[in-house]
Each structure stands twice: as C-alpha cells, then as structure tokens.
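Work through the exercises below with the sequence and the model open. Each task is followed by a solution in steps.

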Amino acid sequence: MTEELSKQYNPKETEDKWYKVWEQNNLFCAKASASKTPYCIVIPPPNVTGILHMGHALNNTIQDILIRYKKMQGFSALWMPGTDHAGIATQNVVEKALAKEGLKRQDLGREKFVSRVWEWKQLYGTTIINQLKKLGCACDWERLRFTMDQDYSTAVTEVFVRLYEKKLIYQGHYIINWCPRCQTALSDEEASHVELEGNLYYLKYPLKDSPQEFITVATTRPETMLGDSAVAVNPKDKRYKKYVGKYLVLPITNRIIKIIADNVIDMEFGTGAVKVTPAHDPNDYVLGKKHNLQFINVMAPDGRMNEEAGKFAGQDRFKARETIIEDLKSLDLVEKITPHTLSAGHCYRCNTIVEPYLSKQWFVKMKPLAKPAIAAVKTGKIKFHPARWTKVYLNWMDNIQEWCISRQIWWGHRIPVYYCKDWQEKNTKTGIIVSGTKPLKCPKCGLENIIQDEDVLDTWFSSWLWPFATFYWPKENADLKYFYPTSTLVTGPDIIFFWVARMIMAGLEFKKNIPFKDVYIHGTIRDSQGKKMSKSLGNAIDPLEIIAEYGTDALRYSLISITTQGQDIYLSKEKFEQGRNFANKIWNASRFILMNLKPEETQVDLCVYFKQEQLDIVNRWILSRFYTLLEKVDNELASFKFNEAANSLYTFFWHEFCDWYLELIKPQINQKQTQVVMYKVLEKYLRLLHPFMPFISEEIWQRLPGAKDSIMQQSWPHLQNKLINRKDEQQMELAFELINTIRNMRAELEVNPVSRIDIQLAVTNKLIQKSIEMFAVYIKNLAKVNNLAFTDQYIAQNNQYAVALKDLHVIMPLAGVVDVAEQLKKTNLKIDKLKAEIKNKETMLTNKNFTVRAPKEIVETEKVKLVDMNEQLKKLEAIKHGLH
C-alpha cells in the first residue's frame, strides 16, 4: 500500500514546502539548449513599490500556466522576472517617508536623496517578489532584473544616444501635461482624461476703442485668462467679422490683445469667440505659433499663480479661479456661469488634475518608429488575443503623437545630456553634448566645467527595452540570441499604449526583430457591481488573504475559471469557494484511489496494456474521455482560452471521473485492468492539472507509487488517438441517461433511497437493447434496480410510471413500491399548486405594464420559467396517469 493521504487537504502544509523544493532543485531555471526549442515570457515588471493585488494574481497565474505547460512539453521555457524602478511612484513613497522625519528631498540634495531611495529599495523592493513566489510563480529567479541595474542603465543610455544621433530625440518648448503635485511632465498616456462636472464661464472683454462694447468669451479655466494674448473667432462667423483685427482690453491686467480669425474656431462652442492662452492650452499653443502671439506663463510648477499673475501671485490655481471671478463680477464683466461637463487629464500616480503647461522638454519622434511596428501587426508577425485589440493598437499607432520622455524628478535614469557652462556663457547657442559617459572636457572650448541635464527619463523609456535589455543588450550573447524574440506577452488592456506598442517599436528599431509573437490581453478585475477594484474604493480583495484562507491553488483556479478570454472579471470572495471545493474533491478522490491501489498492479505501459487486454466498456470509456480532454485542453491553451481549459479539467474530474467512473468501478476495483486504468488516468490527469494547480498536484504526485522527481519534471501526456472511441462514449452516455432518468423517477415518486426497484425498458431498436445489456450491471448498481427487463413495445397501463426517451421508454411498476393512494393525493396537490402558479405567470406575461416596462432580460427569464413550469406539469400529469 502507498502512503495514505490525510483526511483533509491543508494547503498551508504543502505550498511553502514544495516551492522551496522547486527553488532548491533549480527547476525554474532555463538555459539555451541546441536540443530544445526556446519558449520565453518576460514578466510585466511590477513596480518596486508594488504589493500583490488581484490584477497581479491573474496576470501572473496566466503566465505561470504557460511556462509550466511549455516546460512539460519539452521546451526550454524561460520566465524572465524583474521589477521596475517606477520613477514617480517610488520617489513619492520615499518623500512621504522623509516627510515623517520633517524633511523634504531638497533638504537632502539630489545625491543623498537618491541614496535614500536605493536604501528603501534594498529594504522593501523584494516584497512583491516574495509575494509572487507565494503565488507559485515559476520564474527563473537567478535572472532577476531591475530597470536601474548598471547593465540595464547602459542599455537605456545607448538607446537615447542612438535615437538622438538619428535625430529622433529632440528638445523643445511645447505644451505638455504637467502634474503640480509630482511637479513633472507626463505623457498623454500618463494623464488619462476623466469627465468632471464643472462650469462654463462667460466673460466680457471690452473693446479698446469702444469700452461700452464687449466680446464675450466662454472658458472652463478663467484663472488662465491672465495669460491671454488674443481672442479668436472663425472668419466665416458673421457676428464677429467687423471686429477681426481690432483690439480688446484684457480685464484685470488691462493688457491690450488682438482679435484674430482662424478656421479652427468652433462657431457652435460658447459664444463662438474664444480666449487664446498659448502657454496654457495645446490648441492655443498651435494658434500662438501660427499667429506669432505672445506666450505668457502665469503659473508656477506647483500649481500656484506666478509673478505674471500680478496680485494673484501665490494663490493656488483653483483659489485664483474663485477670486478672479469675484473681481470680474465686481466689474460687471461676468455675463453668466452655466454648468458644463468637461474632460480633464489626471495624473496616473496621484490623481491630481494636470495642467497644460508650456515647458522645455525632451521628446521622441514616434512616427518613424511606428511605421514598422504597424506593419508587424498588419502582416500577422505579431498577433493580439483576443483579435479585437488589433484594431485598438493600430488606431493608436496610426495617430501616434510625439512622446515626452523627460521627467522633473530625481529617481530614475538621468538624461545623458551634458552642457558646458563656459560655452553657454560665451555663445548664444547651448553647448549640448550627448554621451553615454560624462565628458571630461568640453569638445568645443576644452574646459572642464561640465554639468549634466537635471531631468530623468520617463520610466517607460527603460521598460520599453525590457524584452532584450533583460538579456544584457547591447552586448550580444548566447541567451539573447536563443531567447529573443520572446514568445508570448501577457498583460492588461491599460498598458497597450504605455508599454506593448513601445516594446514593439523598440524591438524593431534596436534588434531589427519583433519582441514577441503573441500578445494576450486579459480583462480587468472588477467587483460584483462592475466597479474596478482598487484600494481607494475599498472594494479590493487581497489575494494574500485569499491564499491564507483557501490556498494558492484555490485562488489560481478560481480566477482562471471565471476569466473569459479578454472579458472583464466580476469577482467576489465567494467565487474562491469553487477553487477550494475543487481542490478538496481532487484530494478526496486521490485519497480513495490510493487507499484502494495495489502498486504492483499499476506499473505497466498503458498503450501496450491497452493492445494486449480486452478492457471493459467503462475502462475504455474513461480512457477515451481522458484523451478527449487532453486534446481539448491542448487546443484551448493554444488559443489562449484559459478559462475553457480550466473548466474542461473541472468537468472531466468532478463529473466524469468522480461522479461516474469511480462509482461505476467500486464493485470491480480490485480487478487488474481497473487498477491500471484508475491509476493511469489519475497520474496523467495530475500532469494536466499541474500548470493550473501546481501545489496540490505535486503533493499528490509524490504519494504515487514509484514517484521520484517533481511533477514539474514530468512530460506532458501525449495524445493517443487510438484510445479515443466515440462509439464507447455514446454508449456510456446512454447508460448515464438511463441511470439519471431512473434516479429522477425515484425522486419524483419519493421512493425510499435504499429500496431496490424493478424497471422495464421498452426498446424498439435491437442494437440499442444489445448496448444496454452490455452495461446493465452498472444501471442496476447505480440506480438501485433489482430486475431490469426488456420488452419491444410500450403499452400505457395503470399503476406504472413511464418516461419516454429517444427510441425507448423507461417504465417503473408501482405496485409494492409506493403507497398509490397517498402518492396520488400528493401529486394532485402539486398539480393544483403548479397550475395556479402557471396562471399567475401567464397573467404577468400578458400584462403590457410588465412586458414593456420591465428590463428585457427579466421578461425573458420569466418566459423561461413558464416553459419549465409547463414541462414540470407534464411530468406530474404523467405520474398521475400512472397512479390510476
């Protein structure tokens, strides 16, 4: 006898134990091998500040399934791990820690502050890594990378220099998204727009030569009016034709500004006349350049008004809005204020409303980089799953904008641009030196007064190199050559533009090859009400708490089983009970098998044994169903339908293997063929299960006879088409239909569960009768049938209950089985009650107040209920008929 499993599965006793074994035996390692095909996934690097959330749990479980699956298939499967330095997020965390000490980063200075961040990283930066291990992630941890590693930083610098030399990186004054809280520029993707309820302010600007006349402009941001340098109208607008070229007096400042005409002005918005503030609005910036207007910045980097704002200097921008409106009201220059829904950009890190802000920044020209990246997807070299994301990707790429890559923070890759202070002082042009290392001397004047650009690069400027920089590019090496391009990228929809698109561009530009072949986009985790899960909303479920309560495998299975390809996931804590229950079912069934297993009977080659022995239909059936499952799971994983694969595994094990097979074989469990098949199906199933539920599959695997190595080192089962027999499957489906029908008949008539009954089968087709006779013993055992008789014709008679199936009738003689009079009384009561309910339901569904006003799905649900009730009524009428 093999070692008996405990009565209950306890994940706490197995998970940490087996993860340690896997790590100690280097089972996560992958090496370049001429004898193996490479398969590689690079992890979407979590922020070094990160703590495991459900999005991480889903994303990394999917990756882990693929890696374990490919390892078992014989690939050299590498999962490259790492973390992102997360510039703004990490700096914010450390600044908050400093604030508790009464300090600001400026008190420390740049060098000491950056040292403090590195100290923080050493203390807390591995938190997310340890949590990923708790999730069971089979990453090659010996390769762990960090985007601020020295070698990685070399790659970042190399890319900047190359792009600068190709004139794809440039510096210029442009309107950018500015976060007053983080005090840094943000790319468009980092400042997503959110609809807000605000106001539209109608302000009157007096004409210079006719102060009694006004041009009324409509604006949502009156605080920026202090920086106005024109008012613009459409040249086709008849209301304003006579004013074009004239001048206005800008209220409060008394500055003179011109009325200009431009075709871009929307005559329908507001009054058709708009204030033009070139330093504070991207559209106005274009107008300012086009019409040679003055650029007046009235705001400081922290969101307060600057000296250009006059008496409002020092006021927060929103406070200034209030006081400016009050002043204008006192001057009778506010025509009206109306409610207005507006769209405002918000900082992706601190959620502050960003300010369109004129600033000198570094940019990447994206259109030349986008062209080959568009072609790679259009030609199918890179495929998105689900395919609908292809359109989203291409639409963004076709309309791609310049990428602002400079950030005004201290933590990150400092821009590799240097300036000679002496040259700057003597020349009108700036002496810029772009170099991978700091120059010792100025190449123009020979002096050593060299300073580096203060800004750092956008975090995404390092992470877009992730698929090849993690392999120590720009050095060419065996691993880079072997594992690049990588195979699959698994990510969420929120970073398609931030990361996925840019990685494709970077791979094609610097490696002249795509970075990956398949991109799987999973959905977003939401609560049961459809709201996105987040800490701030208080609706987040902590995966570590779920692991502590239910186990890692339960978490993994539950998440995957409800994740329809590409659809959002609606999650509640109760959903994890399914995974826990499934784990318990697997454990209990395995325990039953191992308790009844004769190890010496099982050590045979299944295919050889199958050819040599005449297996009975039940054992042939379960083997056929197993290999049908294997084929199905392979196809589902190949098409990234992870939930379908998980549910296929569940359906086979719970319903076919446990509910049917283990029940069918109990009387013959000691027979050799049953021992062999029962064992072989279990051990092969555990291998299929392993990528989804690695811990419980390993724990049970180690209890199997002759188990030596980890289940991770076993091969994925090979499909044996010769063992798939559709005829056997159809015959057993008939057996199950008969057993279920008889069980239902017993339940409907409230037959004592332990009583054995007689059943007659009226069968017109002799081939069907022959099939039934072959598995009659199983029907008798599972449906508690004493005598099973056959007749070739069904004749309706009293004192029997009959149910019609295809090509046969199932007949239960009632004499001596039930109290006919008592059962007839109960049945009549049920019929009367059901008829009343049907009448009420029919009345509801003919009432137009209900059918028109109620939601469509509710009406449809009620119609289905009515159909079910009428079917139930037919059954009761048939029972009543048989009782007479």
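**Exercise 1. Aromatic pairs**

Task: How many aromatic pairs does a search of the whole structure find, and how is the pair Trp460 and Phe498 classed?

Solution. The structure is a predicted model. Searching all of it gives 50 aromatic pairs. For Trp460 and Phe498, take the two quantities in turn.

- Distance: the ring centres are 4.9 Å apart, and the limit for a pair is 6.5 Å.
- Angle: the planes stand at 15 degrees, so the pair is stacked; the cut-off for stacking is under 30 degrees.
- Location: Trp460 belongs to helix H13 (residues 459-463) and Phe498 to helix H16 (residues 496-511), so the contact ties together parts 38 residues apart in sequence.
- Exposure: Trp460 and Phe498 are both buried.

Task: Which class does the pair Phe461 and Trp464 fall into?

Solution. The centre-to-centre distance between Phe461 and Trp464 is 5.5 Å, with 40 degrees between the planes. Stacked pairs need under 30 degrees and edge-to-face pairs over 60, so the rest, including this one, count as tilted. Phe461 has 0% relative accessibility and counts as buried. Trp464 is buried as well, its relative accessible area being 0%.

**Exercise 2. An aromatic cluster and two charges over rings**

Task: Which charged ends sit over the rings of Phe146 and Trp654?

Solution. Over the ring of Phe146 sits the charged end of Lys121, 4.3 Å from the ring centre. Over the ring of Trp654 sits the charged end of Lys585, at 4.8 Å from the centre. Trp654 is also a member of an aromatic cluster, whose other members include Tyr557, Phe582, Phe653 and Tyr685.

**Exercise 3. The span of helix H7**

Task: What end-to-end distance is expected for helix H7, and what does the model give?

Solution. Helix H7 covers residues 150-165, which is 16 residues. The expected span is 1.5 Å times one less than the number of residues, and for H7 this comes to 22 Å. In the model the first and last C-alpha atoms are 23 Å apart, close to the expected value. Buried residues of H7 include Tyr152, Val156, Val159, Phe160 and Leu163. After H7 comes Lys167, with a positive phi near 60 degrees.

**Exercise 4. A parallel sheet of three strands**

Task: In what order do the strands of the sheet containing S15, S22 and S23 lie, and which of them stand at the edges?

Solution. The sheet is open, its order is S15-S23-S22, and the pairing is parallel. Strand S15 (383-385) and strand S22 (488-491) each have a single partner strand, so they stand at the edges with one side lacking a neighbour in the sheet. On average, neighbouring strands of this sheet are turned by 20 degrees against each other, direction ignored. Three bridges connect S15 with S23 (residues 518-521), and Lys383 is opposite Asp518 in S23. Helix H2 (residues 54-72) lies across S22 and S23, at about 155 degrees to S22.

**Exercise 5. An antiparallel sheet of three strands**

Task: What is the strand order in the sheet that holds S18, S19 and S20, and is the pairing parallel or antiparallel?

Solution. The order is S19-S18-S20 in an open sheet with antiparallel pairing. Strand S19 (432-434) and strand S20 (450-452) are the edge strands, each pairing on one side only. From one strand to the next the twist averages 35 degrees. Strand S18 (residues 417-420) pairs with S19 over three bridges; there, Val417 has Val434 in S19 as its bridge partner.

**Exercise 6. Strand S9 and its partners**

Task: Which residues of strand S9 point one way and which the other, and in what sense does S9 run against S11 and S12?

Solution. In a regular strand, side chains alternate between the two faces of the sheet. In S9 (residues 230-233), Ala230 and Ala232 point one way, Val231 and Val233 point the other way, and all are buried. S9 and strand S11 (residues 255-261) run parallel and are joined by four bridges, with Val233 opposite Ala261. S9 and strand S12 (residues 273-276) run antiparallel, also over four bridges, with Ala232 opposite Val274.

Key
Residues numbered from 1 in each chain as written. Predicted model: local features only at pLDDT ≥ 70, side-chain atom pairs only at ≥ 80, totals over all residues. Heavy atoms only, no water. Phe/Tyr/Trp six-rings, centres within 6.5 Å; stacked < 30°, edge-to-face > 60°. Helix = DSSP H or I, 4+ residues; strand = E, 2+ residues; numbered from the N terminus. Buried < 20%, exposed > 50% of the residue type's maximum accessible area, 1.4 Å probe, protein only. Lys NZ or Arg CZ within 6 Å of the ring centre and 35° of its normal. Pairing = 2+ DSSP bridges. Axes fitted to C-alpha atoms, helices over the stretch in contact; angles between N-to-C directions. Contact = heavy atoms within 4.5 Å.
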